[in-house]
Amino acid sequence: MKTVYETLLISQDGGVLTITMNRPDVLNAFNDVMLDELYEAVEAAASDESVRCVVLTGAGRAFGAGQDLRGFAQVHASGEPLKVSEHLHRYHRVVKTIRTMPKPVIAAVRGVAAGASCNLALACDLRIAADNARFLEAFARIGLIPDAGGGFFLPRLVGFGKALELAMLAEEVSGPEAERIGLVNKCVPLDQFEQATQALAQRLAKGPTRAYGLIKELMNSSIQSDLETTLRLEGALQDIAIETADHREGVAAFLQKRPANYTGH
Ligand code: LHQ
């Protein structure tokens with residue numbers, strides 16, 4: 001696993017890999033290098049068996065401020081035609097890798113998460129926020145639409161009406177409010193944020209990883225599918241889960257009244 005990047009910090013503690021976006025001077029706004037390095041890092045995490053849970057977070061006082069608007073303004077000013085949909089492909093491949101990697105991904109949000117950074121957090125499996133978190137669908141403030149998957153994840157997380165409100169009014173949502181409306185799973189006081197994030201991540205990293213991967217596959221499918229299709233997939237995936245060593249271990253632990261020792265296989 002590559003650990004040295006220009007714009008990311010990478011650390012691994014047991015099965016937990018933490019990817020920290022590291023451009024704190026611009027609140028971890030995305031330039032091309034950070035976006036491409038993030039893709040490289042999530043791809044590597046996806047295929048590394050020693051990684052059983054990924055935490056995505058930001059260095060300094062923010063999670064991320066979305067696209068680096070200074071860099072983008074320069075391209076705009078140059079008069080070159082802006083192929084923004086081509087640029088968005090770089091976000092999309094990160095989103096797709098997060099959604100399909102067969103292990104849990106947690107977004108740990110301290111401070112502001114704006115624009116594409118906010119929507120990358122929404123693409124993760126779970127979100128933990130500090131009480132100083134500020135979620136901002138900033139796009140309409142600059143005459144744009146939610147990108148980096150926001151049009152998919154936002155209404156599915158908070159409902160259609162709230163999604164339109166957040167996207168159109170582009171007002172900040174605090175950590176506690178984000179928890180209330182289902183934008184995040186949990187909001188904790190800032191001084192407990194790192195400990196709570198690591199506790200959640202370590203718990204998931206010691207869980208039945210194969211089952212977690214299959215759970216993602218089931219939920220990814222069901223969110224855009226019908227009952228019949230979902231029930232068929234449920235059967236196929238449970239056929240796989242039931243053959244895992246972790247399933248046998250889970251049942252044995254239950255019967256022997258002891259904690260399960262999951263290996264991820
Ligand atoms: C920044 C940024 C930033 C550069 C703060 N860029 N420097 C995809 C494809 C193509 C085109 C466009 O977009 C996209 C996707 C997107 O993500 S669009 C949305 C882009 N992001 C935004 O519109 C958010 C812009 N930033 C803000 O509104 C504020 O900075 C927020 C609300 C994030 C934070 O406010 P504050 O806590 O008051 O911090 P600040 O504004 O003072 O920022 C601190 C520094 O970070 C400051 O630099 P300076 O040199 O003055 O200290 C900002 O200029 C810089 N910064 N965001 N996106």
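What follows is a working chat about a predicted model with a bound ligand.

Biologist: What should I know about the model before we start?
Modeller: It is a predicted model, in which local features need pLDDT of at least 70 and side-chain atom pairs count only at pLDDT 80 or more, while totals for chains, interfaces and linings use all residues. Residues are numbered from 1 along each chain as its sequence is written, and side-chain values use heavy atoms, with hydrogens and water left out.

Biologist: How many residues surround the ligand, and which are the closest?
Modeller: The ligand is surrounded by 27 residues, where near means that a heavy atom of the residue lies within 4 Å of the molecule. Ala-65, Gln-67, Leu-69, Ala-116 and Arg-134 are the closest.

Biologist: What class are the shell residues?
Modeller: There are 16 nonpolar, four polar and seven charged residues. Here Ala, Val, Leu, Ile, Met, Phe, Trp, Tyr, Cys and Pro count as nonpolar, Asp, Glu, Lys and Arg as charged, and the others, Gly among them, as polar.

Biologist: Which polar atom of Gln-67 is 2.8 Å from the ligand, backbone or side-chain?
Modeller: Backbone: a polar backbone atom of Gln-67 is 2.8 Å from a nitrogen atom of the ligand. A polar contact is a pair of N or O atoms within 3.5 Å; within protein, one must be able to donate a hydrogen and the other to accept it, and residues adjacent in sequence count only if both atoms are side-chain atoms. Leu-69 also has a backbone N or O atom 2.9 Å from a nitrogen atom of the ligand. For Arg-134, a polar side-chain atom lies 2.9 Å from an oxygen atom of the ligand.

Biologist: How much of the ligand does the protein bury?
Modeller: The protein buries 71% of the 1000 Å² that the ligand exposes when taken alone. Accessible areas come from the Shrake-Rupley method with a 1.4 Å probe, and for residues only the protein chains shown count as cover.

Biologist: Which elements give two or more residues to the shell?
Modeller: Those are α2 (69-77), α3 (84-100), β5 (112-114), α4 (115-123) and β7 (134-136). Helices (H or I, at least four residues) and strands (E, at least two) are DSSP runs, numbered from the N terminus.

Biologist: Take α4, then. How many of its residues are buried?
Modeller: Nine of its nine residues are buried, with buried meaning under 20% relative accessible area, exposed over 50% and partly exposed in between (1.4 Å probe, protein chains only). Asn-119 is in helix α4, and Asn-119 counts as buried because its relative accessibility is 0%.

Biologist: What is Asn-119 in contact with, leaving aside neighbours within four places in sequence?
Modeller: Asn-119 is in contact (heavy atoms within 4.5 Å) with Glu-137, Phe-139, Pro-146, Asp-147, Ala-148 and Gly-150.

Biologist: Where is Ala-148?
Modeller: Ala-148 sits in the loop between β7 and α5 (150-158) and is buried at 0% relative accessibility. Among its contacts beyond four places in sequence are Tyr-91, Ala-116 and Leu-120. Its phi is near 55°, a positive value in a residue other than glycine. Most residues other than glycine have a negative phi. Ala-170, in the loop between α6 and β8, also has a positive phi, of about 50°.

Biologist: New topic. How many salt bridges are there in the whole structure?
Modeller: A search finds 12, a salt bridge being a side-chain nitrogen of Lys or Arg within 4 Å of a carboxyl oxygen of Asp or Glu. One of them joins the side chains of Lys-216 and Asp-125 (2.9 Å, N to O). Lys-216 lies in helix α9 (residues 209-222) and Asp-125 in the loop between α4 and β6 (126-130), so this pair ties together parts 91 residues apart in sequence. Lys-216 is buried, with a relative accessible area of 6%.

Biologist: And which residue does Arg-134 meet in a salt bridge?
Modeller: Arg-134 meets Glu-172 (2.8 Å, N to O). Glu-172 is in the loop between α6 (160-169) and β8 (173-174), 38 residues from Arg-134 in strand β7. Glu-172 is partly exposed at 37% relative accessible area, and Arg-134 is partly exposed at 32%.

Biologist: Where do Lys-162 and Glu-165 lie?
Modeller: Both lie in helix α6, three residues apart, about one turn of the helix. Their side chains meet in a salt bridge (3.1 Å, N to O).
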